[in-house]
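Work through these short exercises with the model open beside you. Each task is followed by its solution.

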Amino acid sequence: MSEVAIKEIDGFLFDIYNVEESIHIWILDKDNKPHLFLDSYFPVIYLEGEEKKIREIIHRIKDYKALKEIPVWTTRRHFYSNEEVRVVKVVISKPSVLRKLYQKLYAFYGRGNIYHSDIDVSTGYLYLHKVFPLAKVNIRYEEKKGINKIISIQTSDDVKSCEYDIPNLKILNM
């Protein structure tokens, strides 16, 4: 068996999008050359409400074949009240299901809460890894069959900074 060498690159996070659970990240290196990297990301939603209704929602997610892990009860801090609430953590294996789920579960509102179902997949990935568009990032990765698979991504940039470097972008006029 051959060992896979771990490589490293620095650059600006130029673009991010998802195709199901596959996150596609483009960076521009110091020579302004673009590089594509892939990572996996499975969004998490939280359900609060009557257990019967929560079971119905989980069953719906199972029908979509989009349940990544067995749901578990946990405690989270509510964004507005800052109080702890008991919720069910649900890891979604097919991010495209989130939009369908969000649109079809309007009937649940008023009888419970669904948290994080409306967060864009790419935004959730950026938040989880504490990176942001145009941040200088360091990516550790391995190349397998021509695909650059991310091992880790991090930045030392501060999202609140008003002074920061940006890449030398090209302008296309049409």
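Strands here are DSSP runs of E, at least two residues long, numbered from the N terminus. The model is predicted.

**Exercise 1.** Find the strand that holds Leu38, then decide whether Leu38 is buried or exposed.

*Solution.*
- Step 1: Go to residues 34-40. This run is strand β3, and Leu38 lies in it.
- Step 2: Take the cut-off. Buried means under 20% relative accessible area.
- Step 3: Compare. Leu38 has a relative accessible area of 18%, so Leu38 is buried.

**Exercise 2.** List what Leu38 contacts beyond four places in sequence.

*Solution.*
- Step 1: Look for heavy atoms within 4.5 Å.
- Step 2: One set of partners is Ser22, Ile23 and His24.
- Step 3: Another set is Ile147, Asn148, Lys149 and Ile150.
- Step 4: Check the spacing to Ile23. Leu38 and Ile23 are 15 residues apart in sequence, and their C-alpha atoms are 5.5 Å apart.

**Exercise 3.** Place Ser122 in its helix, judge its burial and name its contacts.

*Solution.*
- Step 1: Ser122 belongs to helix α3, residues 121-129.
- Step 2: Its relative accessible area is 8%, so Ser122 is buried.
- Step 3: Leave out residues up to four places away in sequence. Ser122 then touches Ile16, Tyr17 and Asn18.

**Exercise 4.** Describe the chain as a whole: its elements, their order and its buried share.

*Solution.*
- Step 1: Count the elements. The chain has 3 helices and 9 strands.
- Step 2: Read their order: β-β-β-β-α-β-β-α-β-α-β-β.
- Step 3: Take the buried share. Of the 174 residues, 36% are buried.

How values were computed:
Residues are numbered from 1 along each chain as its sequence is written. This is a predicted model: local features need pLDDT of at least 70, side-chain atom pairs count only at pLDDT 80 or more; totals for chains, interfaces and linings use all residues. Side-chain values use heavy atoms; hydrogens and water are left out. Helices (H or I, at least four residues) and strands (E, at least two) are DSSP runs, numbered from the N terminus. Buried means under 20% relative accessible area, exposed over 50%, partly exposed in between (1.4 Å probe, protein chains only).
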